[in-house]
Amino acid sequence: MRARLTLLAAARSAPLLDTRFDDDRPLDDAGWLELRRLAPAFGPLAAAELRYCSPSAGCRDTGRALGLAPLAQPALRDCDMGRWTGRTLREVMALEPRAVAAWLADPFAAPHGGESLAGFIARVGSWLDTRPVPDPGRGDASGGEGSIVAVAEPAVVRALLCHALTASPGAYWHLDVRPLATVALTAHAGQWTVAVT
């Protein structure tokens, strides 16, 4: 049996220039407006057998608004940014330009005192690799497909994609995941494949 995991990036909680590291703010007005506008397209996600979300306010809001009633997963939290938590990249660059440069250049660096990019990818990747596959007895005789949905911050979706593709941590910086973007992963025999639909 194959498992299909649809990753849904949470609706926005702040304008791009006010995006803060490890932000736990609820959705802003623009995020709610966009979520309401696109909600009908996400209707099929409610049929997923297993539904998860990051524990952040924005992810919980997004999941509840879509009727998913997702189970919060601590392993899907955003990267721990240590003393940079709650600050914008612009603010941190003004205070610690060398530390930001080191963080961007080395995926194993954690100059903020939190989690390195490589550690973040490994953490969410471990969550991905331990997802329970829905009961194969419930599928059809040909080996049906179990469905899972996870609502997470765009950063978490990027990290999950790096892990699923067995890409180097540096590939993280080349993935652009916007609020309410979706991507599907399929698992078969312990391997993940990105399914573009």
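This report describes strand E5 with its two partner strands, and then the surroundings of aspartate 28, in a predicted model.

## Basis of the values

Residues are numbered from 1 along each chain as its sequence is written, and side-chain values use heavy atoms, with hydrogens and water left out. Because the model is predicted, local features need pLDDT of at least 70 and side-chain atom pairs count only at pLDDT 80 or more, while totals for chains, interfaces and linings use all residues.

## Strand E5 and its partners

Strand E5 (residues 182-188; strands are DSSP runs of at least two residues, and helices H or I runs of at least four, numbered from the N terminus) is largely enclosed by the rest of the structure, because five of its seven residues are buried (under 20% relative accessible area with a 1.4 Å probe, protein chains only).

E5 runs antiparallel to strand E1 (residues 2-9), to which six bridges join it, where DSSP pairing requires at least two bridges; in this pair alanine 3 stands opposite alanine 187. Five bridges link E5 in the antiparallel sense to strand E6 (residues 191-195), with threonine 186 opposite threonine 193. E5 and E6 form a hairpin with two residues between them, and alanine 189 in the turn has a positive phi of about 55°.

## Aspartate 28

Aspartate 28 lies in the loop between E1 and helix H1 (29-38) and is buried, with a relative accessible area of 15%. The side chain of aspartate 28 reaches the backbone nitrogen of alanine 30 at 3.3 Å.

Beyond neighbours within four places in sequence, aspartate 28 is in contact with Arg12, Ser13, Ala14 and Pro15 (heavy atoms within 4.5 Å). Serine 13 is 15 residues from aspartate 28 in sequence, yet their C-alpha atoms are 4.7 Å apart.

Definitions and conventions
Buried means under 20% relative accessible area, exposed over 50%, partly exposed in between (1.4 Å probe, protein chains only). A polar contact is a pair of N or O atoms within 3.5 Å; within protein, one must be able to donate a hydrogen and the other to accept it, and residues adjacent in sequence count only if both atoms are side-chain atoms.
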